[in-house]
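User: I would like a close look at one part of this model, namely its nonpolar core and the sheets around that core. Please take me through it in one connected account, residue by residue where that helps.

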Amino acid sequence: EVKGNLGGTRLNAYTLTMEFKFEELPKRKAAPKAKGEAESDAKQAQLTVPTERAIINLNRILTPDQEEMPEALVSIDSDGAIRLGGVQDRRVRITPKKWHFLTLVADCKEKTIQSFVDGIKSTAIDAKSQPSLKLDSGGFSVSPDRFYLFASPRTENMDCEVDVKRVWLYSEKKDESLIGLMNEEFMGRDPWKVGPGAPAK
């Protein structure tokens, strides 16, 4: 049973790890045309921009006819970069056709969320980059009864399929020193249980 922590009604301190594989990344789309540019401009026709695919959505899924549409907390773009709460670090990227571990370490009371890809630090957010990141915030803390993986109310954020092997959710902020250990040991066994586990393929 998931219960609220850090004095809130939602899970405000947590560590979420998932193992997944994208066969292909989200498709790029044509770049918006500059004002006054000719329709037949061949150079403009070749320009594309990345699109995103939702990975984690901590909000309630809303129907398309509702006015407010929550964005996914974590998404991946056409270049394999992970976006966290609207912030992106393009130095660490997901490779298609390869299994990856994505880990989020959150402390909404301290107003910080750090992501790791295969144990390597990736995008991070805090109160400066996301003022709405706070205790019991709907978009950043975990509801005690539900949250959504690889789901979005926006159909354009559901491009491309994903395989998911395992998901772990811990009701605490794991120490950063453990994340590297998790990355190494998840490849061969579950580090939170005694004995060998199933090797990752």
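Analyst: What follows begins with the chain as a whole, moves to the core, and then takes up the two sheets and some individual residues.

The model is a predicted one, and its protein chain comprises 2 helices and 12 strands, arranged along the sequence in the pattern β-β-α-β-β-β-β-β-β-β-β-β-β-α. Of the 201 residues in the protein chain, 43% count as buried, while the exposed surface of the protein chain comes to about 11000 Å², with 51% of it supplied by carbon and sulfur atoms. Among the contacts in the protein chain with a separation of 6 or more, 62% are made by residues 24 or more positions apart.

The largest nonpolar core has 30 residues, and the members that touch the most others are Tyr14, Phe20, Phe22, Ile55, Val74 and Ile113. Two or more residues of this core come from each of strand S1 (13-22), strand S4 (52-57), strand S5 (74-77), strand S6 (81-84), strand S8 (100-107) and strand S9 (112-117), and S1 contributes the most, with 5 residues. As a general background, nonpolar side chains in soluble globular proteins tend to be buried together.

Ile55 is a useful place to enter the core. Once residues up to four places away in sequence are set aside, Ile55 touches Met18, Phe20, Phe22, Val74, Ser75, Ile76, Ile82, Leu102, Tyr148, Leu149 and Phe150. The last residue in that list, Phe150, sits in the loop between S11 and S12. Phe150 has a relative accessible area of 9%, which is under the 20% limit, and therefore counts as buried. Apart from neighbours within four places in sequence, the contacts of Phe150 are with Met18, Phe20, Phe22, Arg53, Ala54, Ile55, Ile56, Met158, Val162 and Val164. The C-alpha atoms of Phe150 and Val74 are 9.1 Å apart in space, although 76 residues separate the two in sequence.

The first sheet to consider is an open one of 5 strands, ordered S7-S6-S5-S4-S11 with antiparallel pairing. Strand S7 (87-93) and strand S11 (148-149) are its edges, and because each has a single partner strand, one side of each has no neighbour in the sheet. The link between S4 and S11 is antiparallel and consists of 2 bridges, with Tyr148 in S11 as the bridge partner of Asn57.

The loop between strand S10 (120-126) and S11 holds Ser143. With a relative accessible area of 13%, Ser143 is buried, and its side chain is joined to that of Asp145 by a polar contact of 2.4 Å.

A further open sheet, also with antiparallel pairing, is formed by 5 strands in the order S10-S9-S8-S1-S12. Here S10 and strand S12 (162-170) stand at the edges with a single partner strand each, so one side of each is without a neighbour in the sheet. From one strand to the next, the twist averages 15°. Within this sheet, S1 and S8 are paired in the antiparallel sense over 8 bridges, and Phe20 has His100 in S8 as its bridge partner.

His100 deserves a separate look. This residue belongs to strand S8, and with a relative accessibility of 1%, His100 counts as buried. A polar atom of the His100 side chain lies 2.9 Å from the backbone nitrogen of Thr95. Beyond neighbours within four places in sequence, His100 is in contact with Met18, Glu19, Phe20, Arg93, Ile94, Thr95, Val117 and Asp118. Phe20 therefore appears both as the bridge partner of His100 and among its contacts, where the cut-off is heavy atoms within 4.5 Å.

Asp118, another of the residues in contact with His100, leads on to the hairpin formed by S9 and S10, which has 2 residues between its strands and in whose turn Asp118 has a positive phi of about 55°. The two strands of this hairpin, S9 and S10, pair in the antiparallel sense over 5 bridges, and Thr112 stands opposite Asp126 in S10.

Note on methods
Residues are numbered from 1 along each chain as its sequence is written. This is a predicted model: local features need pLDDT of at least 70, side-chain atom pairs count only at pLDDT 80 or more; totals for chains, interfaces and linings use all residues. Side-chain values use heavy atoms; hydrogens and water are left out. A nonpolar core is a set of buried Ala, Val, Leu, Ile, Met, Phe, Trp, Tyr and Cys residues joined through side-chain atoms within 4.5 Å. Buried means under 20% relative accessible area, exposed over 50%, partly exposed in between (1.4 Å probe, protein chains only). Helices (H or I, at least four residues) and strands (E, at least two) are DSSP runs, numbered from the N terminus. Two strands pair if DSSP finds at least two bridges between them. A polar contact is a pair of N or O atoms within 3.5 Å; within protein, one must be able to donate a hydrogen and the other to accept it, and residues adjacent in sequence count only if both atoms are side-chain atoms. Accessible areas come from the Shrake-Rupley method with a 1.4 Å probe; for residues, only the protein chains shown count as cover. Axes are lines fitted to C-alpha atoms, for helices over the stretch in contact, and angles run from 0 to 180 degrees between N-to-C directions.
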